[in-house]
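Please work through the following exercises on the fold, the nonpolar cores, the aromatic pairs and one loop residue of a protein chain. Each task is followed by a worked solution.

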Amino acid sequence: MTDGQRGVVFPQVEGRRSTAALGRAVVADALRRVDPVGAAAAERETNWRSGYPVHFRRLVEAGLGSYGDARTIADAGLAAVHGRMRWSPDGEDDLPLASAVGGAVGSTHDLLDTEVLEGSGEPDTALTVPYRGPRLAGDDLRRQLDTWVDTGVVEPSLRDAVTRVVENPPWLRLEGRTVVVLGAAAEMGPLRSLLRWGATVAAVDLPRPEVWERLRADTTDLAGRLVVPVRAGTGDLTARAGLDLLHDLPTATAWVTALDGPLVLGNYVYADGATNVRVSTAVDAMTEAVRHQRPDTALSFLATPTDVFAVPGEAVAASVDAYAHRRTSKVLRVPLRTVSGGRLLRRNYVPGSDPGVNDSVVPQQGPNYLLAKRIQRWRATSARASGAHVSFTVAPPTRTRSVVKNRALAAAYSGAHRFGVEVFEPGTANTLMAALLVHDLCARPPAQDHPWQDEAQAAAHGGLWRCAYAPGSALGLAAVLGAASRP
């Protein structure tokens, strides 16, 4: 029996669990009420693995008409995922997903203990961000924020948010809260920063001793408290710690629900391929179950920059200006566009668009990656509309392990600077994202008038939104240049 046949699984279609059939159906259901033509187009797509990008773009465009349209798409998409994905605890039963967290399967929470690791360090009392060697603080950090804004790497609202954290250092400790970090060892996660600042973090990650050795080592020299789920019994913590959300979902949900203090449920999980959809679905099922029992639970998400987003008119104007003044527009653009049949170095936007639609999808990442991330975006929209406190941030392009091992994406990131895109190191990116989480929890900024504006708030897109060229028409060329320059 394969791992894909147990736990949270795809539905069976004609005797097999098809990821493409699920993707088509979910996108079509999400669109159906707002854009029936788009829904029909998704259902008719015969090659989902290569044809999916246009349909995910349509999900964004169809929601721009009104707040109600965007929420309808989000709610319908989530209902389609929950209605189709299945729970198979033993690889034989094929049960509704809700039975994994709703009590029908039962909870094995009594098989778990909780251990708390106390750090021995002193908490940082000021925000510092590592960047190209040193840690930037105070005026140095403010100057770097200004530079990122001036070069179009982040939205101005990010500078405003991080500046407020700089000015309010007591916020860093997140006193009185328990931040649940799902995917505790993730490179983009906030765990190390939160522990550095003295926060209480409940860590959930796979039951792999090497993972927990690293997390325990991280905790020892820092200031925070690490709350860990462990299997009951004796023996070293690293051999007993951890939960597999795909297979231990009832247990994990019960453990998280029982944690002390006001909760922040942070989704930082990632897996390769189809497993990414499964684990994203598992987290979403947990999220709904926890919020049902503890409605004051805050939620946290990081969005990928390589997706489709609506962007402010100000970003469109900056891109249009860059298109008019970049040297490549005078030297290379015309011949490259001619040779490529118009595919290379296209405008990022139609001038005057407000909002514009930025399409930074990297087709090689595949439809499962985008669906997993879209589930998170939909949950942020739906939860915020129902009154939940939500932190949602577009994270910058970052040289994480998952990026580096993808040769095409790694090469594109190596050459991206030639087109005005900055790719961040993990330490810089995850510290900035942790600071934005602190801002959202402590400053509690009001919701915007439309979900696309909430998504654009404090976005760290790395320049993809403000660069001269549509990313899809430049990143291929960036990959060629990046591969040529790599050792």
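The exercises below begin with the whole chain and end with a single residue.

The model is predicted: local features need pLDDT of at least 70 and side-chain atom pairs count only at pLDDT 80 or more, while totals for chains, interfaces and linings use all residues. Residues are numbered from 1 along each chain as its sequence is written, and side-chain values use heavy atoms, with hydrogens and water left out.

**Exercise 1. Describe the overall fold of the protein chain.**

Step 1. The protein chain has 20 helices and 16 strands; these are DSSP runs, numbered from the N terminus (helices H or I, at least four residues; strands E, at least two).

Step 2. The radius of gyration, taken over C-alpha atoms, is compared with the globule rule, 2.2 Å times the number of residues to the power 0.38. The chain has a value of 22 Å, close to the 23 Å that the rule gives for 487 residues, so it is as compact as a globular protein of that length.

Step 3. Along the principal axes, the C-alpha atoms fill a box of roughly 70 × 60 × 45 Å.

Step 4. Of the 487 residues, 57% are buried, where buried means under 20% relative accessible area, exposed over 50% and partly exposed in between (1.4 Å probe, protein chains only).

Step 5. Among contacts (heavy atoms within 4.5 Å) with a separation of 6 or more, 79% join residues 24 or more positions apart.

**Exercise 2. Identify the nonpolar cores and the residues at their centre of contact.**

Step 1. A nonpolar core is a set of buried Ala, Val, Leu, Ile, Met, Phe, Trp, Tyr and Cys residues joined through side-chain atoms within 4.5 Å.

Step 2. The largest core holds 99 residues, of which Val-180, Leu-245, Val-256, Met-286 and Trp-465 touch the most other members. Helix α15 (residues 366-385) gives the most to this core, with 8 residues.

Step 3. A second, separate core of 57 residues includes Val-201, Leu-215, Ala-298 and Phe-424.

Step 4. Beyond its neighbours within four places in sequence, Val-256 is in contact with residues including Val-180, Met-286 and Arg-294.

**Exercise 3. Analyse the aromatic pair of Phe-309 and Trp-465, and the surroundings of Phe-309.**

Step 1. There are 8 aromatic pairs in the structure. Rings of Phe, Tyr and Trp (its six-membered ring) pair if their centres lie within 6.5 Å; planes under 30 degrees apart count as stacked, over 60 as edge-to-face and the rest as tilted.

Step 2. The ring centres of Phe-309 and Trp-465 are 5.7 Å apart and their planes lie at 45°, so the pair is tilted.

Step 3. Phe-309 lies in strand β14 (residues 308-311) and Trp-465 in the loop between α19 (451-456) and α20 (471-485), so the pair ties together parts 156 residues apart in sequence.

Step 4. Phe-309 is buried at 1% relative accessible area, and Trp-465 is buried at 0%.

Step 5. Both faces of β14 are covered, with Val-308 and Ala-310 on one side and Phe-309 and Val-311 on the other, all buried.

Step 6. Strand β15 (residues 356-359) pairs with β14 in the antiparallel sense over 4 bridges (pairing requires at least two DSSP bridges). Val-357 in β15 is the bridge partner of Ala-310.

**Exercise 4. Is Ala-199 buried or exposed, and which residues does Ala-199 touch?**

Step 1. Ala-199 is located in the loop between α7 (191-197) and β10 (200-204).

Step 2. Its relative accessibility is 1%, so Ala-199 counts as buried.

Step 3. Not counting residues up to four places away in sequence, Ala-199 touches Arg-173, Leu-174, Leu-194, Gly-224 and Arg-225.
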